[in-house]
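Here are my notes for you on this one, written as numbered points. Keep the viewer open while you read.

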Amino acid sequence: MTSRSRMVRAQRMTIVNAMLAFVTLIVILQLWLLTATMNAYLGGDTSTVVPAALASLVCLGLNAGLLRYLFGLD
Amino acid sequence: MIPRQAGGDDRRDFEHATVPPDGRPLADQPKWRRDFPIDWAQDDYVSRRELVKFVVLTSAALTAGQFWIVLKNAFSRRPAPPAGAPIATVNELPVGEAKTFTYPAGSTPRLLVRTGTSTFVAYDQQCTHLQCPVVPAVAQRRLHCPCHDGWFDLDTGRPVAGPPQRALPRVLVEVRDGMVYATGVEDAAS
């Protein structure tokens, strides 16, 4: 193996670590969103249900896009 | 088998120390072999990548949970409004007095307050803070929760002082032929 490919591997490792940080942050946001929505829904407030679901879907789209990019590196 | 570096250098490539049996590079190997590497560096990368995949799967599960709430909300049956029920006669309640009742049957205790000669208001008796029973303070046009000194407006049920943040659910009342009827329950508004 050449040093060039080793550098690429190191870069890929950095990228995968950054992805992991981003994806984890987004999942924590989604978890908060789910608990807040459930709390509001069980309290009788149904106005937040659909916007929260759409926001969660956007988060999933972001995560899926990041994962797709990650698999594109291989 | 440990490959040698080009030019006869004896340094080992610790990232690709292991050579597959067919000798082809890792990129040309079947997927199962690429997903279960032997060398540490490659294994670190694959395991981190798999962790990202798992976290994205968790993200999908959380989104599914959100849509489960949406579906539950869309298909849940709203209870039919309860029919009107007599709760008191006009004469049994002097101005400024109150009585408890349940409406609909089996509900939490409600409080009927006569605020004038022909005006009545009714609310859920449980404080929206920690469910202590509220008591009327008609002279101050308020309802008082003695547990944590919470105060509600007598005419609207909205919180005006103390820890409660939400209004008391209101029971709609109607006076007909000397009788006070409960005709419905309004959702609590903040």
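Which residues of β3(B) are buried on one side, and which on the other? Keep that in mind while we set the scene; point 3 comes back to it.

1. First, a word of caution: this is a predicted model. I'll stick to chain B, which has 190 residues.

2. Now the overall layout. Chain B contains 2 helices and 10 strands. If you walk along the sequence, the pattern reads α-α-β-β-β-β-β-β-β-β-β-β. Buried residues account for 36% of the chain, where buried means under 20% relative accessible area. The accessible surface of chain B is about 11,300 Å², and carbon and sulfur atoms hold 57% of that surface. As for contacts in chain B with a separation of 6 or more, 33% of them link residues 24 or more positions apart.

3. Back to the opening question. On one side of β3(B) you'll find B:R110, B:L112 and B:R114, and on the other B:L111 and B:V113; all of them are buried, so both faces of the strand are covered. Strand β3 of chain B spans residues 110-114, and because 5 of its 5 residues are buried, the strand is largely enclosed by the rest of the structure. Try colouring those residues in your viewer.

4. Who sits beside β3(B)? One partner is strand β2 of chain B (residues 98-101), which runs antiparallel to β3(B) and is joined to it by 4 bridges. Here B:A98 stands opposite B:V113. Another partner is strand β4 of chain B (residues 120-124), also antiparallel, with 5 bridges to β3(B). Look for B:R114 in β3(B): its bridge partner in β4(B) is B:F120. The link from β3(B) to β4(B) is a hairpin, made through 5 residues.

5. Next, find the open sheet. It is built from 4 strands of chain B in the order β5-β6-β7-β8, with antiparallel pairing. Why is one side of β5 and of β8 left without a neighbour in the sheet? Both β5 (135-137) and β8 (159-161) of chain B stand at the edges and have a single partner strand each, so one side of each stays without a neighbour there. On average, neighbouring strands in this sheet are turned by 35° against each other, ignoring direction.

6. Last, zoom in on one of those edges. Strand β7 of chain B (residues 150-153) and β8(B) run antiparallel and are joined by 2 bridges. Within that pairing, B:W151 has B:A161 of β8(B) as its bridge partner.

Key. Residues numbered from 1 in each chain as written. Chains lettered and ligands numbered in written order. Predicted model: local features only at pLDDT ≥ 70, side-chain atom pairs only at ≥ 80, totals over all residues. Heavy atoms only, no water. Buried < 20%, exposed > 50% of the residue type's maximum accessible area, 1.4 Å probe, protein only. Contact = heavy atoms within 4.5 Å. Areas by Shrake-Rupley, 256 points an atom, 1.4 Å probe, with all protein chains shown as cover. Pairing = 2+ DSSP bridges. Axes fitted to C-alpha atoms, helices over the stretch in contact; angles between N-to-C directions.
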